[in-house]
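Let's take a friendly walk through this model together. Keep the structure open beside you and turn it as we go.

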Amino acid sequence: MDAMAILTEPLLMIFEEMFPKMLNNRRIPLLTVVSVVMFLAGLPLATQAGVYMFLLVDWYTGTWSVMLIGMAKCIMFAWIYGTHRIDRDVRLMLNRPLPAIIRLTTAFIMPVFSHVSPRHHYLYVQEALLWRV
């Protein structure tokens, strides 16, 4: 129940902030609708093929998003914000420069290696369905 509260509360806040007039003082019905939708979405995972479906969803939603977010952060900090600005900020905070190896790995090495990962083998139809998720 604790894990569901952690997932549900930000979702409720997003809906309440997006539609403040429509959802004003309607938190309990919104919580009921969100809980029922989450229950129905998790119901196929309780079948005999649930572990296999969980692995598919876990691979395509968890792994790729973390890699893409990490790669985007490296590119944004190193190339858009600039390693020279990061060096200036570190000097301001710590009174010492940013090591050159950190500047090099953030700009060049991390975006390349964050894309390399082990590969699970699924059928093409399953991969096509999961890319739509």
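A good place to begin is Arg-91, which is partly exposed, with a relative accessible area of 44%. Please keep in mind throughout that this is a predicted model. What does the side chain of Arg-91 meet in a salt bridge? The partner is Asp-87, with 3.3 Å from N to O. Arg-91 and Asp-87 both sit in helix H3, and because they are four residues apart there, about one helical turn separates them. The two partners differ in their surroundings: Asp-87 has a relative accessible area of 9% and is therefore buried, whereas Arg-91, at 44%, is partly exposed.

Asp-87 has a further salt bridge to look at, this one with Arg-103, where the closest N and O atoms are 3.8 Å apart. Here the pair links distant parts of the chain, since Arg-103 belongs to helix H4 and Asp-87 to helix H3, 16 residues apart. Is Arg-103 buried or partly exposed? With a relative accessibility of 28%, Arg-103 counts as partly exposed. So the buried Asp-87 takes part in a salt bridge with Arg-91 and in another with Arg-103. As a general point, side chains of opposite charge can pair when their charged atoms come close.

Let's step back for a moment and take in the whole chain. It has five helices and zero strands, and from the N terminus on the elements read α-α-α-α-α. Of the 133 residues in the chain, 22% are buried. The chain exposes about 10600 Å², and carbon and sulfur atoms supply 73% of that area. Contacts across the sequence are worth a glance too: among those between residues at least 6 apart, 51% join residues at least 24 apart.

Now move to the N-terminal part. How many salt bridges does the structure hold? There are five, and one of them is formed by Arg-27 and Glu-9, with their closest N and O atoms 2.4 Å apart. This pair, too, links distant parts of the chain: Arg-27 is in helix H2, which covers residues 27-42, while Glu-9 is in helix H1, residues 2-18, and the two positions lie 18 residues apart in numbering. Both partners fall in the middle class of accessibility, with Arg-27 partly exposed at 30% and Glu-9 partly exposed at 36%.

Glu-16 is the next residue to find, also in helix H1. Its relative accessible area is 19%, and since buried means under 20%, Glu-16 counts as buried. A polar contact of 2.7 Å joins the side chains of Glu-16 and Arg-27. Setting aside neighbours within four places in sequence, Glu-16 is in contact with Leu-23, Arg-27 and Leu-30.

While you are in this part of the chain, consider what the record says. The unreviewed UniProt entry annotates residues 28-47 and 59-81 as "transmembrane region". In the model, residues 28-47 form a span that is 75% helix and 0% strand, with its end C-alpha atoms 29 Å apart.

Follow the chain on to helix H3, where Cys-74 has its place. Is Cys-74 buried or exposed? Cys-74 is buried, because its relative accessible area is 15%. Which residues does Cys-74 touch, not counting those up to four places away in sequence? They are Trp-79, Thr-106, Met-110 and Pro-111. Of these, Thr-106 is 32 residues from Cys-74 in sequence, yet their C-alpha atoms are 5.7 Å apart in space.

Trp-79, one of the residues touched by Cys-74, also lies in helix H3. In contrast to the buried Cys-74, Trp-79 is exposed, with a relative accessible area of 52%. Trp-79 leads us to the surface, where it helps make a nonpolar patch of about 880 Å² together with Ile-75, Met-76, Ile-80, Ile-101, Ile-102, Leu-104, Phe-108 and Ile-109. The elements that give two or more residues to this patch are helix H3, spanning 50-94, and helix H4, spanning 100-113. Which helix gives the most to the patch? That is H4, with five residues.

Our walk ends where it began, with helices H3 and H4: they are linked by the salt bridge between Asp-87 and Arg-103, and both contribute to the nonpolar patch.

Note on methods. Residues are numbered from 1 along each chain as its sequence is written. This is a predicted model: local features need pLDDT of at least 70, side-chain atom pairs count only at pLDDT 80 or more; totals for chains, interfaces and linings use all residues. Side-chain values use heavy atoms; hydrogens and water are left out. Patches are made of residues with over 30% relative accessible area and no salt bridge: like charges are joined within 9 Å, nonpolar side chains (Val, Leu, Ile, Met, Phe, Trp, Tyr) within 5 Å. Accessible areas come from the Shrake-Rupley method with a 1.4 Å probe; for residues, only the protein chains shown count as cover. A salt bridge is a side-chain nitrogen of Lys or Arg within 4 Å of a carboxyl oxygen of Asp or Glu. Buried means under 20% relative accessible area, exposed over 50%, partly exposed in between (1.4 Å probe, protein chains only). Contact means heavy atoms within 4.5 Å. A polar contact is a pair of N or O atoms within 3.5 Å; within protein, one must be able to donate a hydrogen and the other to accept it, and residues adjacent in sequence count only if both atoms are side-chain atoms. UniProt positions are given in the numbering used here, feature names are shortened, and annotations may be inferred rather than shown by experiment.
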